[in-house]
Amino acid sequence: MSRILVVFLVLGVACSLADPINRNDEVTLPQLDGRIVGGLDTNITFYPHQISMRYNGNHRCGGSIYRNNQIISAAHCVNTLSGPENLTIVAGSSNIWYPTGPQQQLAVRKFIIHPNYRKLNNDYDAAILILDGEFEFNEAVQPIELAKERPEHDTPVTVTGWGTTTEDGYLSDVLQEVSVNMVENTQCKSAYSIMLTSRMLCAGVTGGGKDACQGDSGGPLVYNNTLLGIVSWGTGCAREKYPGVYASVPDVRDWIIKTVEENEFVGKIDFL
Ligand code: 4AZ
């Protein structure tokens with residue numbers, strides 16, 4: 001009896017493995033046309049404030065150059081680290097695997113997380129990284145100014161990075177750019193409810209397909225050549241009705257300016 005059962009079991013398993021219908025059950029994901037998600041290859045000289053934050057040499061997050069020795073990124077990119085050891089900042093290259101020019105790399109001296117950062121919902125998701133040394137500015141390495149206010153609903157804004165090109169996909173080797181539109185917080189609340197705070201802003205496109213994704217975190221959302229947002233979080237990537245969420249730079253601007261001033265000389269004056 002048990003032998004007959006085993007034969008049936010083996011036959012059943014063999015049939016199900018050979019059955020093409022089973023393979024057709026695999027979920028077919030929508031084919032998106034590019035990277036970041038839905039973006040295009042770009043050149044660092046168009047986004048010379050963009051940096052790659054590396055942990056033990058591996059790309060971890062994006063960020064933006066604010067001063068020659070100071071980087072703006074996301075708190076959640078560094079809050080799980082005990083200190084700045086093993087963090088480096090790479091500027092001046094479009095490609096994270098194969099440098100496209102004279103890229104510059106500096107170690108991180110210290111990082112400062114926004115004092116109101118809340119891990120639970122990523123409120124105030126901003127951090128400043130003070131570098132060990134200074135970047136030399138050129139056409140591929142430049143600072144960016146801070147936006148003073150939010151543009152109105154539907155205004156096109158641009159996000160860049162080397163993050164994954166699909167949810168759970170791979171990082172992009174070439175820097176990606178994608179244009180998304182401002183989504184008012186009142187509307188964005190329909191996706192994120194009480195998780196969305198007034199220190200966050202949302203951007204996306206109707207129908208989805210364009211967004212920041214994992215590895216873009218900490219990187220810049222740019223409007224009018226100013227830093228408007230810091231890539232922060234979202235439900236998946238590029239999903240319809242789930243815009244990307246960014247730390248709103250106009251809402252953490254005063255803290256950035258104060259903190260940058262307080263740390264102006266850290267890492268610069270070693271002889272005092
Ligand atoms: C992340 O995990 C992440 N679609 C970044 C951005 C978005 C989602 C997730 C927004 O770093």
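A salt bridge is taken here as a side-chain nitrogen of Lys or Arg lying within 4 Å of a carboxyl oxygen of Asp or Glu. In this predicted model, a search of the whole structure identifies five salt bridges. One of them joins the side chains of Asp 251 and Arg 150, with a nitrogen-to-oxygen distance of 3.2 Å. This pair connects distant parts of the chain, since Asp 251 belongs to helix α4 (residues 249-262), whereas Arg 150 is found in the loop between β8 (145-146) and β9 (156-161), and the two are 101 residues apart.

The surroundings of the ligand were examined next. The residues around the ligand are Asp 211, Ala 212, Cys 213, Gln 214, Ser 217, Val 231, Trp 233, Gly 234, Gly 236 and Cys 237, and this shell divides into five nonpolar residues, four polar residues and one charged residue. Nitrogen atoms of the ligand take part in contacts with two of these residues: a polar side-chain atom of Asp 211 lies 2.7 Å from a ligand nitrogen, and a polar backbone atom of Ala 212 is 2.9 Å from a nitrogen atom of the ligand. On the side of Ser 217, an N or O atom of the side chain is 2.6 Å from an oxygen atom of the ligand. Of the 300 Å² of accessible area that the ligand has on its own, the protein covers 85%.

Aromatic residues were also considered. Two aromatic pairs are counted in the model, and Tyr 192, Trp 233 and Tyr 242 form one aromatic cluster; Trp 233 is also listed among the residues around the ligand. Charged side chains are placed over aromatic rings as well, with Arg 60 over the face of Tyr 55 at 5.2 Å from the ring centre, and Arg 67 over the face of Tyr 66 at 4.3 Å from the ring centre.

Methods
Residues are numbered from 1 along each chain as its sequence is written. This is a predicted model: local features need pLDDT of at least 70, side-chain atom pairs count only at pLDDT 80 or more; totals for chains, interfaces and linings use all residues. Side-chain values use heavy atoms; hydrogens and water are left out. Rings of Phe, Tyr and Trp (its six-membered ring) pair if their centres lie within 6.5 Å; planes under 30 degrees apart count as stacked, over 60 as edge-to-face and the rest as tilted. A charge sits over a ring if NZ of Lys or CZ of Arg is within 6 Å of the ring centre and within 35 degrees of the ring normal. A residue is near a molecule or strand if one of its heavy atoms lies within 4 Å of it. A polar contact is a pair of N or O atoms within 3.5 Å; within protein, one must be able to donate a hydrogen and the other to accept it, and residues adjacent in sequence count only if both atoms are side-chain atoms. Accessible areas come from the Shrake-Rupley method with a 1.4 Å probe; for residues, only the protein chains shown count as cover. Ala, Val, Leu, Ile, Met, Phe, Trp, Tyr, Cys and Pro count as nonpolar, Asp, Glu, Lys and Arg as charged, and the others, Gly among them, as polar. Helices (H or I, at least four residues) and strands (E, at least two) are DSSP runs, numbered from the N terminus.
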